[in-house]
Amino acid sequence: MPVSRRLVVLGLGLALAGCGGLRDSRLNPFNWFRRSEPRETIVLPGEEADTRPLVDTVLSMAVEPIPGGAVVRARGVTPTQGWWEAELVARDVGDDGVLVYEFRLLPPKGRTDVNTQRSREIDVAIYISDIKLQSVREIVVQGASNARSAQR
């Protein structure tokens with residue numbers, strides 16, 4: 001085997017060995033936010049612009065990196081069926097780098113049944129750009145009785 005071919009094989013081997021460190025580094029977008037954890041709800045000063053009620057309970061929350069930003073997904077459960085127009089409503093980013101989303105939705109227009117929890121679960125998501133994420137170290141999704149957060 002010629003010397004140049006050996007150097008190429010050696011260089012490729014070293015490059016592949018170095019890739020293992022990238023998996024755990026902050027450069028990897030999949031490491032930007034950890035799994036969500038329960039958190040205390042945050043009481044923010046100021047008037048609420050959205051009058052829709054908060055979801056009763058936030059069951060889960062995840063931050064999924066995508067090109068150009070991330071998608072925040074949350075799942076909540078309502079007391080009855082028929083809740084609609086669910087949305088994550090952003091509050092201002094605090095000086096401490098905490099981005100708070102309120103899980104808001106509208107109640108049913110008429111009387112509805114209470115069925116299984118699965119039939120009362122609602123999923124919602126929102127896109128956040130890389131530019132907005134630069135100053136964020138924690139994302140919080142909160143409902144009426146609890147909140148969940150994911151930190152960098």
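**Chatting through a predicted model**

Modeller: Quick opener before you start: of the 152 residues of the protein, 33% count as buried. Keep in mind that this is a predicted model.

Biologist: Thanks! What does the secondary structure come to?

Modeller: Two helices and eight strands. Starting at the N terminus, the order of elements is α-β-β-β-β-β-β-α-β-β.

Biologist: And how much of the contact set is long-range, say 24 or more positions apart?

Modeller: Counting contacts with a separation of 6 or more, 70% are between residues 24 or more positions apart.

Biologist: Nice. Which residues touch the most other members in the largest nonpolar core?

Modeller: That core has 21 residues, and Val-72, Leu-88, Phe-103, Ile-139 and Val-141 touch the most other members. The elements giving two or more residues to this core are β2 (57–66), β3, β5 (98–106), β6 (121–129) and β7 (138–142).

Biologist: Which element gives the most?

Modeller: β5 does, with four residues.

Biologist: Let's zoom in on Val-141. What does it touch further along the sequence?

Modeller: Leaving out residues up to four places away in sequence, Val-141 has contacts that include Val-72, Leu-88 and Phe-103. Val-58, Met-61, Ala-74, Tyr-101, Ala-147 and Arg-148 are also on the list.

Biologist: Changing topic: where is Trp-83?

Modeller: Trp-83 sits in the loop between β3 (69–77) and β4.

Biologist: Buried or exposed, that Trp-83?

Modeller: Buried: the relative accessible area of Trp-83 is 19%, so it falls under the 20% cut-off. Beyond four places in sequence, Trp-83 touches Pro-53, Thr-78, Leu-105, Leu-106, Pro-107, Pro-108 and Ile-122.

Biologist: Which side chain makes a polar contact with Trp-83?

Modeller: That would be Thr-80, at 3.1 Å. Also, Glu-121 is 38 residues from Trp-83 in sequence, yet their C-alpha atoms are 9.5 Å apart in space.

Biologist: Okay, what about Glu-85? Which strand is that in?

Modeller: Glu-85 is in strand β4 (residues 84–90). Its phi is near 55 degrees, a positive value in a residue other than glycine.

Biologist: Why does Glu-85 count as partly exposed?

Modeller: Because its relative accessibility is 45%, and the partly exposed class runs between 20% and 50%.

Biologist: One more residue: where does Ser-149 lie?

Modeller: In strand β8 (residues 147–151). Ser-149 is buried, with a relative accessible area of 5%, and its side chain has a polar contact of 3.2 Å with that of Glu-138.

Biologist: Last one: how much accessible surface does the protein have?

Modeller: About 9800 Å², with 55% of that belonging to carbon and sulfur atoms.

Definitions and conventions:
Residues are numbered from 1 along each chain as its sequence is written. This is a predicted model: local features need pLDDT of at least 70, side-chain atom pairs count only at pLDDT 80 or more; totals for chains, interfaces and linings use all residues. Side-chain values use heavy atoms; hydrogens and water are left out. Buried means under 20% relative accessible area, exposed over 50%, partly exposed in between (1.4 Å probe, protein chains only). Contact means heavy atoms within 4.5 Å. A polar contact is a pair of N or O atoms within 3.5 Å; within protein, one must be able to donate a hydrogen and the other to accept it, and residues adjacent in sequence count only if both atoms are side-chain atoms. A nonpolar core is a set of buried Ala, Val, Leu, Ile, Met, Phe, Trp, Tyr and Cys residues joined through side-chain atoms within 4.5 Å. Accessible areas come from the Shrake-Rupley method with a 1.4 Å probe; for residues, only the protein chains shown count as cover.
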